[in-house]
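Visitor: Could you take me slowly through the open spaces in this protein, and tell me what lines them?

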Amino acid sequence: MRIGIGFDIHPLVEGRKLILGGVEIPYEKGLYGHSDADALIHAICDALLGAMGKGDLGRYFPDTDPQYRDASSLTFLSRIKDLMEEEGWRVGNIDSTILCERPKLLPYTERMVENIAGALMVERERINVKATRGEGLGSIGRGEGVAVYAIATVTR
Ligand code: MG
């Protein structure tokens, strides 16, 4: 068994959709980035790549590549699944914490789990998504962005 960690952060700006875990969440702002800026999926991809010892997401999907502009990050996760299969790795479990002041994410976390489990083709019991607020502290607490920590185990 091996363990990997992932972290991602994106600013919240007007004129963008807010997409986390492949779920479009109604809100006045969205995450800024080259792809759909799904910080949860990015952190999970990095945790899985880290566990496999395969570098980071930017190695496979550079943010300078026009084909990934506004791309759904779930397609990145599907590609990571393919890479895992090629290398003989299986997902042990994935845990994650989203730091987000607004909006409330609890109504959406189960759908995020479904999307992540679906892209990786694993049982949903292996995936966990938590959300917490910044309690007014720092840039996250001021609602300027969303950050995500993820951890993953893989086995073979
Ligand atoms: Mg990112």
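Guide: What follows looks at the pockets and their linings. The model is predicted, so local features need pLDDT of at least 70 and side-chain atom pairs pLDDT 80 or more, while totals for chains, interfaces and linings use all residues. Residues are numbered from 1 along each chain as its sequence is written, and side-chain values use heavy atoms, without hydrogens and water.

The largest pocket (an open set of points on a 1 Å grid where a 1.4 Å probe fits, with protein on both sides within 12 Å along at least five of seven lines) has a volume of about 260 Å³ (the space filled by probe spheres set on the points). Its lining (residues with an atom within 4 Å of a point) comprises 16 residues, of which H42, L57, G58, F61 and D63 are the closest to the centre. Strand 1 (2-14), helix 1 and helix 2 (57-60) each give two or more residues to this lining, where helices are DSSP runs of H or I of at least four residues and strands runs of E of at least two. By class, the lining of the largest pocket holds 7 nonpolar, 6 polar and 3 charged residues.

The second largest pocket, at about 160 Å³, is bordered by K81, M84, E85, W89, R90, V91, L120, M121, V122, E123 and R126. Helix 3 and strand 5 (90-99) are the elements giving two or more residues to that lining, and helix 3 contributes the most, with 3 residues. Here the lining divides into 6 nonpolar and 5 charged residues, with no polar ones.

How values were computed
Ala, Val, Leu, Ile, Met, Phe, Trp, Tyr, Cys and Pro count as nonpolar, Asp, Glu, Lys and Arg as charged, and the others, Gly among them, as polar.
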